[in-house]
Amino acid sequence: LATIESQDLSAAEMAAAASAQSEHYKLLQTRDTTRQTSGSTTSQVANAEAMLRTARASLAQARAQQEHQELETKRTAALADSGVMSAQARDDARTSLDAAKAAVDAANEQVSAAEASLKLAQANTIQAQAAAQTERAAGQDVENAQAMLKQAQVQTGYASVVSPIGGMVDVRAARQGEVVTPGAPIVTIVD
């Protein structure tokens, strides 16, 4: 029967459709990010924890060897001072002690590196959890955008006035450009 000017409604519907499509692509992008970050985080943490345990065990072993070498160096130095052992043996013992100290320092560095690796793996796990939350939020944004699109489509549908019965227009009670109140007749239809 009539079509109400609906350029604003059509523009709103197109904007809602574009927003829904944009949110859908954002959701796809977040899903990819989630997949990339969550794939190996659990195994990274387990590997980093194992590396840290190994590094700590190596440090304990290096410290024990250093303590043993300190005692050995004291004995050798005392024997060398009393003339029972040679000065060369004392120098070798001191060199061995220096090497044991360097091994402890290296083991400490390995522990520090393993702790850093563990922290990084744990941070990756947190990042993966954040990505999953972002994905859930993006899914909700898609649902919201689709609801807005449906609402805009309904509003656009209100721009067309359709007769509930078939027939011919007998009288036009309203003309193009006139403002009518809700429920007021705009045409009379006859069989």
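Thr73 sits in helix H2 of this predicted model. Is Thr73 buried or exposed? Its relative accessibility is 8%, under the 20% cut-off, so Thr73 counts as buried. Looking past the neighbours within four places in sequence, you'll find Thr73 in contact with Ala93, Arg94 and Leu97.

Helix H2 itself is worth a look. It has 41 residues, and going from its first C-alpha to its last takes you 59 Å. That is close to the 60 Å expected at 1.5 Å a residue. Just after H2 comes Gly83, which takes a positive phi of about 90°. H2 (residues 41–81) is also where confidence is highest, at a mean pLDDT of 93. At the other end of the scale is strand E1 (residues 2–3), where confidence is lowest, at a mean of 62. Where pLDDT is low, the predicted coordinates shouldn't be read in detail. For the protein chain as a whole, the mean pLDDT is 88, and 96% of the residues reach 70 or more.

Now step back to the full chain. How many helices and strands does the protein chain have? There are three helices and four strands, and along the sequence they follow the pattern β-α-α-α-β-β-β. The overall outline is easy to picture from the numbers: the C-alpha trace spans about 135 × 25 × 20 Å along its principal axes. The radius of gyration is 41 Å, whereas a compact globule of 191 residues would have one near 16 Å. Of those 191 residues, 24% count as buried. Among contacts with a separation of 6 or more, 76% are between residues 24 or more positions apart.

Back to the inside. The largest nonpolar core is made up of 12 residues, including Val45, Leu52, Leu59, Val104, Val111 and Leu118. H2 and helix H3 (87–157) each supply at least two residues of this core. Ala62 is another member of the core. Leaving aside neighbours within four places in sequence, Ala62 is in contact with Ala103, Val104 and Ala107.

Two pairs show how residues distant in sequence come together in space. Ala46 is found in helix H2, and Ala123 has its place in helix H3. Here is how each one pairs up, C-alpha to C-alpha:

| Pair | Separation along the chain | C-alpha distance |
|---|---|---|
| Ala46 and Ala121 | 75 residues | 8.7 Å |
| Ala123 and Val45 | 78 residues | 9.5 Å |

Why does Ala46 count as partly exposed? Its relative accessible area is 38%, and partly exposed covers values between 20% and 50%, so Ala46 falls in that class. Ala123 is partly exposed too, because its relative accessibility is 39%.

Finally, there's another threonine to meet, Thr30, whose place is in helix H1 (residues 7–38). Thr30 has a relative accessible area of 13%, so it is buried. Its side chain reaches the backbone oxygen of Lys26 at 2.5 Å. Not counting residues up to four places away in sequence, Thr30 touches Thr134, Glu135 and Ala138.

Notes. Residues numbered from 1 in each chain as written. Predicted model: local features only at pLDDT ≥ 70, side-chain atom pairs only at ≥ 80, totals over all residues. Heavy atoms only, no water. pLDDT = per-residue confidence, 0-100. Core = buried A, V, L, I, M, F, W, Y, C linked by side-chain atoms within 4.5 Å. Buried < 20%, exposed > 50% of the residue type's maximum accessible area, 1.4 Å probe, protein only. Contact = heavy atoms within 4.5 Å. Polar contact = N/O pair within 3.5 Å; in protein donor to acceptor, adjacent residues only side chain to side chain. Expected span 1.5 Å × (residues − 1). Rg over C-alpha atoms; globule rule 2.2 N^0.38 Å.
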